Amino acid sequence: MTQSNVRAAFERHFNTHGTLYASAGRINLIGEHTDYNGGFVFPGAVDCGITAMIRPNGTDRVRAYAVDLDSYAEFGLREEDKPSESWARYIFGVCREIQKRGGRIGGFDTAFSGDVPLGAGMSSSAALESTFAFALNDLYALGIDKFELARIGQSTEHNYCGVKCGIMDQFASVFGKKGCLMRLDCRSMEFEYFPFDPVGYKLVLLDTVVKHELVGSPYNRRRESCERVAKMLGQEFLRGATMERLDAIRDEISDEDYRRARFVIGEERRVLDVCDALQRGDYATVGERMYATHEGLSKDYEVSCEELDFLVDVARECGVTGARMMGGGFGGCTINLVKDDLFADFIATAKRKFTERFGHEPKVYPVVISDGAHKID
Ligand code: GAF
């Protein structure tokens, strides 16, 4: 559907055809707000993403059409050409970051469309960045490796979109592999694929369909807290810090910074526990750690919200094996590991109770773990 829409829109706008590329949104089983702390994450790409048709146009300008928004933007490739449309900045940023790395690209025409639910914490922006980084690398035969493609997306967020994100989303979107989660060490960038097929269980996202816009940039402030504590501990990242060492400087840091760091230290351990438990088929431990992560994200890291806490409480009441908020926070989805025989009841109960409380249904997305960035032949 998306492919044929994109193809038709491209042909309508530019009177020719181009090459199709796609990339994916992501889930993260566990390891939240650890990436920019040099810690571990455990994401996978999903079966929704961005599809783009692209064709070099022989000029030094990009002509881009966002099919879903019915919005058109045209911009050059110099730093001062930054487009005013926020969606176009992701494409512009990717072009600029490629150029900063010595990649020679020219203007191109593109139309793109996506089916990653916006604001759900599944990283539609990383899917967009990865699609264009991957496509331009391929079309212009730049020879950039996949790690650098992920970094190009991350730098786009930092330098053109104002989010000081870690590497998890872009990594998942570029490296994603069907049926596999990936444990990534965000300090060394070493990673391992973990086939993920929990027999007898389903992994499902419940989308609160809320995104609380907070004043300032709470994500960047969380990162600053962690960096302050790491500095006090004499480390580049919080990764590797212990509770003993954190407690030793407790009087020298704010209570807020202390709690942020406490969450990150606990989360690092939980990712490793979950990976070990999965290898033993010990889903009870996986689920218990997911709940513990939620508790930490809600109380110590303070990135949850009433709607997310509510859904996690309902999951617990229904006997769901594991549930937690997923992604950056302040809205979006919970991720739930549910036994097959509880699934239908849980979804019905969650929908009913959530609607009674908040006046609208949560959306339900079954998780299908899929491939990341690729060319569509
Ligand atoms: C967002 C960021 F983009 C990621 O880098 C990561 O920090 C995540 O929030 C929280 O784990 O998706």
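Colleague: How far apart do the C-alpha centres of domain 1 and domain 2 lie?

Modeller: The C-alpha centres of domain 1 and domain 2 are 26 Å apart, where domain 1 covers 2-194 + 370-376 and domain 2 covers 197-366, with bounds that come from an automatic or database domain assignment. This is a predicted model, in which local features need pLDDT of at least 70 and side-chain atom pairs count only at pLDDT 80 or more, while totals for chains, interfaces and linings use all residues. Residues are numbered from 1 along each chain as its sequence is written.

Colleague: What makes residues of domain 1 count as in contact with residues of domain 2?

Modeller: Two residues are in contact if their C-beta atoms, placed from the backbone, lie within 7 Å, and 27 residues of domain 1 meet this condition with 36 residues of domain 2. Strand E1 (19-28) and strand E2 (40-41) are the elements that give two or more residues to the side of domain 1 that touches domain 2; strands are DSSP runs of E with at least two residues, helices are runs of H or I with at least four, and both are numbered from the N terminus.

Colleague: How do you know that the span of helix H1 agrees with what its residues should give?

Modeller: The expected span is 1.5 Å times one less than the number of residues, so the 13 residues of H1 (residues 2-14) should span 18 Å, and the end C-alpha atoms are indeed 18 Å apart. After H1 comes Asn 15, whose phi is positive, near 60°.

Colleague: Why are strand E5 and strand E13 said to stand at the edges?

Modeller: The open sheet has six strands in the order E5-E4-E6-E3-E1-E13, with mixed pairing, and strands pair if DSSP finds at least two bridges between them. Strand E5 (71-76) and strand E13 (374-376) each have a single partner strand, so one side of each is left without a neighbour in the sheet.

Colleague: What makes strand E4 and strand E6 a pair, and in which sense do they run?

Modeller: Strand E4 (residues 61-66) and strand E6 (residues 108-114) share four bridges in the parallel sense, against the required minimum of at least two, and Tyr 65 stands opposite Ala 111 in E6. Helix H1 packs on this sheet, touching E1, strand E3 (43-56), E4, E6 and E13, with its direction at about 145° to that of E6; axes are lines fitted to C-alpha atoms, for helices over the stretch in contact, and angles run from 0 to 180 degrees between N-to-C directions.
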